[in-house]
Amino acid sequence: MEMNKDTMLDLYRQMWRMRSFEELAATEFKAGKLQGFVHVGVGEEASTVGVICQARLTDYTTATHRGHGVVLLKGAEAKLMYAELGGRATGLCKGRGGSMHMADLEKGILGTNGILGAGAPIAMGVALGIKYKKLDDVVFCYFGDGQSNEGGIHEAMNMAGALKLPIIFVCTNNQYGMWTPLTKASANVDLAKRAEGYGIPGAAVDGNDVLAVWESAGVAIDRARKGEGPSFLELKTYRYYPHSVGLPDPWRPKEEIEEWRTTRDPIDRFGKVLMAQDVKQETLEAIEKETVDEMQEAFNWAMQQPFPDVTQAYQDVYTNLAVEGRTV
Ligand SMILES: Cc1ncc(C[n+]2csc(CCOP(=O)(O)OP(=O)(O)O)c2C)c(N)n1
Ligand SMILES: [Mg+2]
């Protein structure tokens, strides 16, 4: 996709949309207005926006337990997502799934997922379907550094490489799995190098530089659309919140969090790039405010929605697919 000033401003806006969505979700979760668990990726916006904003509607994506941004930017409506987080009947998945089970199949969103690594075999199956139908859609498969060691990830990457499937494996390497640093979980912390073992291209990218992410994702997407197979992107980034909103975070050094927040923030950094290209500070502030207002309005709508009726508890438990003449 072409990069010009309008696209750059849109990337800036999308990073703010993700941040505003998640900051409000975190605040309202702490206030007791949202159910379940909420994992936010505040600080990781460039690693989502630079990739997923290049997706077409007909492309697919998986998302992890920290997947609000992916779901939002692939096209789900913020108000339906908040309603889902609030357990409301009109939520994206009828209020049954919450943060870690948000899917929107019409938009190609295969779902956030509470099981580490479980998105990869799903992505692999969907990509096999795309290849079988001779389409040029692609699948984005998101996972974190911690879950990069799950068996399903290795199996999917190996098979995708062998069958030349159209997948972009996107590892958001925020350097921790819960509280465990990557240095304690892997002897080789250069995750992108693993690509060689699968016979596919791998790139290690500054995941807080939205333009660098955009560029490397563009190469991987082109390759996948042309039928040349999968790629692996390791996007190095950082999250500011604890693993899950409301949990203690005593093991990550406070100075480390502060350093990333104050000197490497993806939105601040990109704002400076834009200002160097004569975009006014007021324009950037207006974009920020518009996204805050957008999310507040969406949240207010969600809070007025009804909870599901108890009689619905057994609905949608099984599919209606006919299997060998039986309805299961
Ligand atoms: C199969 C499985 N094992 C363990 C967990 C518990 N768990 C949830 S998130 C997490 C850490 C994930 O780290 P990473 O993949 O780096 O993603 P991040 O949270 O940093 O975004 C763990 C161990 C789980 N949900 N599923
Ligand atoms: Mg991690």
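A residue counts as buried when its relative accessible area is under 20%. That cut-off is used in the legends below, which describe a predicted model.

**View 1. Three residues hold the magnesium ion (ligand 2).** The donors are D145 through OD, N174 through OD1 and Y176 through O. Their distances to the ion run from 2.0 to 2.1 Å. Along the sequence, the donor residues follow the spacing D-x28-N-x1-Y.

**View 2. Two donors of the magnesium ion, N174 and Y176, seen for their burial.** N174 has a relative accessible area of 5%, so N174 is buried. Y176 has a relative accessibility of 9% and therefore counts as buried too.

**View 3. Ligand 1 occupies the largest pocket.** Around ligand 1 stand 14 residues. The nearest of them are H65, R66, G114, G146 and Q147. By class, the shell splits into eight polar, three charged and three nonpolar residues.

**View 4. R66, G114 and G146 make close approaches to ligand 1.** R66 places a polar side-chain atom 2.8 Å from an oxygen atom of ligand 1. G114 uses its backbone instead: an N or O atom there lies 2.8 Å from a nitrogen atom of ligand 1. For G146, a backbone N or O atom is 2.7 Å from an oxygen atom of ligand 1. On its own, ligand 1 exposes 590 Å², and the protein buries 74% of that.

Notes. Residues numbered from 1 in each chain as written. Chains lettered and ligands numbered in written order. Predicted model: local features only at pLDDT ≥ 70, side-chain atom pairs only at ≥ 80, totals over all residues. Heavy atoms only, no water. Donors = N, O, S within 2.8 Å, 3.2 Å for Na, K, Ca; no water. Buried < 20%, exposed > 50% of the residue type's maximum accessible area, 1.4 Å probe, protein only. Near = heavy atom within 4 Å. Polar contact = N/O pair within 3.5 Å; in protein donor to acceptor, adjacent residues only side chain to side chain. Areas by Shrake-Rupley, 256 points an atom, 1.4 Å probe, with all protein chains shown as cover. 1 Å grid on protein atoms, 1.4 Å probe; cavity = no way out; pocket = protein on both sides within 12 Å on 5 of 7 lines; lining within 4 Å. Sits in = over half its atoms within 2 Å of the grid points. Nonpolar A, V, L, I, M, F, W, Y, C, P; charged D, E, K, R; others polar.
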